[in-house]
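Dear colleague,

I am passing on the structure we spoke about, with the sequence alongside. Please keep it open while you read the notes that follow.

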Amino acid sequence: MSILDNLNPEQQKAVQATEGPVLIFAGAGSGKTRVLTYRIAYMVHELGIAPEHILAVTFTNKAAGEMKERIAQLIGEQAPSLWASTFHSLCARMLRADGAAIDIDPNFVIYDEADQRALIKETLSALNIDSEQYSPVDIHYEISNAKNELLTAADYKPHRKNPLERTAKRVYRNYQQRLAASNALDFDDLLMSAVHLLRESEELRDKYQNRFRYILVDEYQDINFAQSSLLELLADKHHNLCVVGDDDQSIYGWRGANVRLILAFEEHYPEAQVFKLEQNYRSTANILRCAYEVIRHNPARADKKLWTDNPPGEAPLVYRAINEQEEAEWVARLIQSQIRQGQAEPGDFAILYRTNAMSRVFEESLLDANMPYEIVGGVRFYERAEIKDVIAYLKTLLNPVSSVSLRRIINNPTRGIGAKTLQVLDSEARRRKVSLFEMCGIVSELDQIRIREQQAVADFYDMMTALHSRIDKLSLVKLVREVVKRSGSLQRLRESGAADDAGRAENVEEFVTAAARFQKTHEDNSLVAFLEHIALISDIDQAKELGSTVSLMTLHSAKGLEFPTVFIVGLEEEVLPHYRSMSDEFELAEERRLCYVGMTRAQQRLYLTHCHRRTIFGETQQMQPSRFLKDLPEEVVQRRGELAPGSSPRLIEAREEIPEMQMSGRRLDLTKILSRATAGATASAEQSRRSAEPIPSSAGDYTVGDKVSHPSFGDGRVVSIKGTGDEAEIVVGFPDKGIKKLLARYANLKKL
DNA sequence: CGTGTCTCTTTTTTT
DNA sequence: AAGAGACACG
């Protein structure tokens, strides 16, 4: 009868400990979300706590959405009064409501990464700082870190001998002035200002402390200092702060997250109750074992070890591919063959990679294999240039002082307002202490600007004022439509002959649809609300149901998800671990955790693949297998398509599994490689020289039109040949089986 | 002023 | 491989 019946004893304890600070270490797959949601249900149902007194904070929108949904299932109609949101939307909400207390205009716009960088560039050039010497990226990183540490420009203390930091301080101050003048907050400001607000106003602190009597935080290992300070302030009265996390899954250190904060929780709240959820319900024993062997090499982990009652399952498989194309084809074929055998559906598979750029080959191979797939994350809709343009119009309308937005659109589409004109406008605006937009309205006073350009500016100004006057009169969609029409941006895209522009025009139309959807589904469908939604939610596809298609995503985006079958691809040195992280011990540990996070997403099957060669930056390189592969326990791992990395070469039986890759063919090939490898020295120079040589190929034996025989497809005719050597791709038409793309290396074709 | 071409750099992960 | 910025030309 009780909610508690569905929980194990440790979970029950964690659910019932509702009062006071609580720290829950929840290993991968240990039912963390379950505990969080049941805890809330328990508080509401069994203890009668009003949902509006509960705040659930998550790190991503996806997690927040899921939590709301799950809680709604448990507590029904009371759910809407509960706050479940990300840190950033929580802060934005507080600041819209009460930011006036610290001089924040409720209509502030949120500057995203690109806006921030544009403003930094603007600042750099205004301060006459050479952006070659001090790159906007580096400066921004410094400022962002300072804000994460809650240091204002005045508080920020650069190292005396560090010119970058000293420059950053100058820029920080000026940048902040520009943000204020633009009535804008950047991502980091949201957090910092919310803390500021609570510190400054006792009244508001009281208000929020009384409102949020029970606070739950997910993914606490990803928290930064500003976020933890915010929580401390909010929980300062009732002390009912429950945090859940797993230090082994901390993968956002590069963004200011600090794992030590979870480890230091007990120091800060000595009375904290600590629970450890160590039983894994997700993965097979073998998968878990492998994951553990990878993670256990990290220093300074909180002491814990996952265990499971699940059966051992299949041994995780390590596959070495020739190059990324072959890797992708192997993955696609494996998926295809499992689906054909009725063992699985597309939604059972996830392909996880280190960087978004790696998704492309997999898309192609899945397309070839006719597999439905979906890319999660990646280039987000709202970040496309044409969409950002429309958004910039909206931001400017809401907030004409927002200089970054105005600069983006003033000559987009081109209307004859060039750099020169803009520069004059800007310096005059500065001299007269008016905003750039206001300056546009009095452009006729400037005789440095030619009449033609004056006219262009004036027309632009008139258009924007006309649109501005309609903000309150038109519904959101109508306003967006009007903007798209009046600005001429859609028309330009439609009329352009450029191939990509048709797609861009469609995107703009899709944006209008997104506005319509927002208007329909949100109670507060004002322009402000819509823009905030875009800035913070920023994922138009999030509503799409995963589950019917193969999922492609980065290891980072996979956090919190699970799939029956997981492929982690590109397990190579310099990819995972990423080359930018290899020189730093701390970052290296984070790469390892990233690998661990990926592995623990798998329920039934885990495939780890790496390539012998990979093309990076348009250059083909020899790759070494990832060091993480070396940590796998040999007794529970199958290795295929390769020589065991680092150790003495050995041949491992390949099971017949994929029709195109026949035993005999591969054994022959491996034997060849084996003999050459043992004959030669192990020096890497020697190795690369050798593999640069063309490997004796069968491709040369075929010409288009040849009749060939395949062990399982029977007789067919060569349709085309792409490439050379063992990488050659031979397309063969088989009368019964259709057209097949075969790799010369594996196909084991016989010429007839 | 706008466009096109060329070179150059850049690619980690994201609220 | 692709995008951004520099430069030259119309």
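Which residues surround DNA strand C? In this model, which is predicted, DNA strand C is surrounded by K121, R360 and F617. Two of these residues also reach the strand through polar side-chain atoms: an N or O atom in the side chain of K121 is 3.1 Å from a phosphate oxygen of DNA strand C, and the side chain of R360 has an N or O atom 3.5 Å from a phosphate oxygen of that strand.

For DNA strand B there is a longer list to go through. The residues around DNA strand B number 29, and those that come nearest are H88, R255, R354, G416 and T421. Of the atoms of DNA strand B that come within 4 Å of the protein, sugar and phosphate account for 55%. Sorted by class, the surface near DNA strand B is made up of 14 polar, eight nonpolar and seven charged residues, and at least two residues of this surface are supplied by helix 18, with at least two supplied by helix 25 (555–558) as well.

Three side chains can be picked out by the part of DNA strand B that they approach. The side chain of W254 has an N or O atom 3.3 Å from a base oxygen of DNA strand B, whereas N411 and T554 approach phosphate oxygens: for N411 the distance from an N or O atom of the side chain to a phosphate oxygen is 3.5 Å, and for T554 the corresponding distance is 3.3 Å.

The backbone has some features that you may wish to look at residue by residue. A cis peptide bond, with omega about 0 degrees, joins N412 and P413, and P413 is found in the loop that runs between helix 17 (403–409) and helix 18 (419–432). Another cis peptide bond joins L576 and P577, where omega is about 5 degrees; P577 lies in the loop between strand 13 (563–568) and helix 26 (585–599).

Positive phi angles also occur at residues that are not glycine. H239 has a phi of about 60 degrees and sits in the loop between helix 10 (225–235) and strand 7 (241–245), where, with a relative accessible area of 29%, it is partly exposed. For K433 phi is about 55 degrees, again positive although the residue is not a glycine, and K433 lies in the loop between helix 18 and helix 19 (436–441). Is K433 buried or exposed? K433 has a relative accessible area of 75%, and because exposed stands for values over 50%, K433 is exposed.

Finally, there is a helix pair to describe. Helix 6 (residues 136–148) packs with helix 7 (residues 163–181) at an angle of about 75 degrees, and their axes are 9 Å apart; the two helices are therefore roughly perpendicular to each other. From helix 6, the residues D138, I139, E142, I143, A146 and K147 take part in the contact, and they meet L164, E165, T167, A168, V171, Y172, Y175, Q176 and L179 of helix 7. By class, this contact of helix 6 with helix 7 has nine nonpolar, four charged and two polar residues.

With best wishes

Methods
Residues are numbered from 1 along each chain as its sequence is written. Chains are lettered from A and ligands numbered from 1 in the order in which they are written. This is a predicted model: local features need pLDDT of at least 70, side-chain atom pairs count only at pLDDT 80 or more; totals for chains, interfaces and linings use all residues. Side-chain values use heavy atoms; hydrogens and water are left out. Helices (H or I, at least four residues) and strands (E, at least two) are DSSP runs, numbered from the N terminus. Buried means under 20% relative accessible area, exposed over 50%, partly exposed in between (1.4 Å probe, protein chains only). A residue is near a molecule or strand if one of its heavy atoms lies within 4 Å of it. A polar contact is a pair of N or O atoms within 3.5 Å; within protein, one must be able to donate a hydrogen and the other to accept it, and residues adjacent in sequence count only if both atoms are side-chain atoms. Ala, Val, Leu, Ile, Met, Phe, Trp, Tyr, Cys and Pro count as nonpolar, Asp, Glu, Lys and Arg as charged, and the others, Gly among them, as polar. Axes are lines fitted to C-alpha atoms, for helices over the stretch in contact, and angles run from 0 to 180 degrees between N-to-C directions. Angles under 35 degrees count as roughly parallel, over 145 as roughly antiparallel, 65 to 115 as roughly perpendicular and the rest as oblique. Contact means heavy atoms within 4.5 Å.
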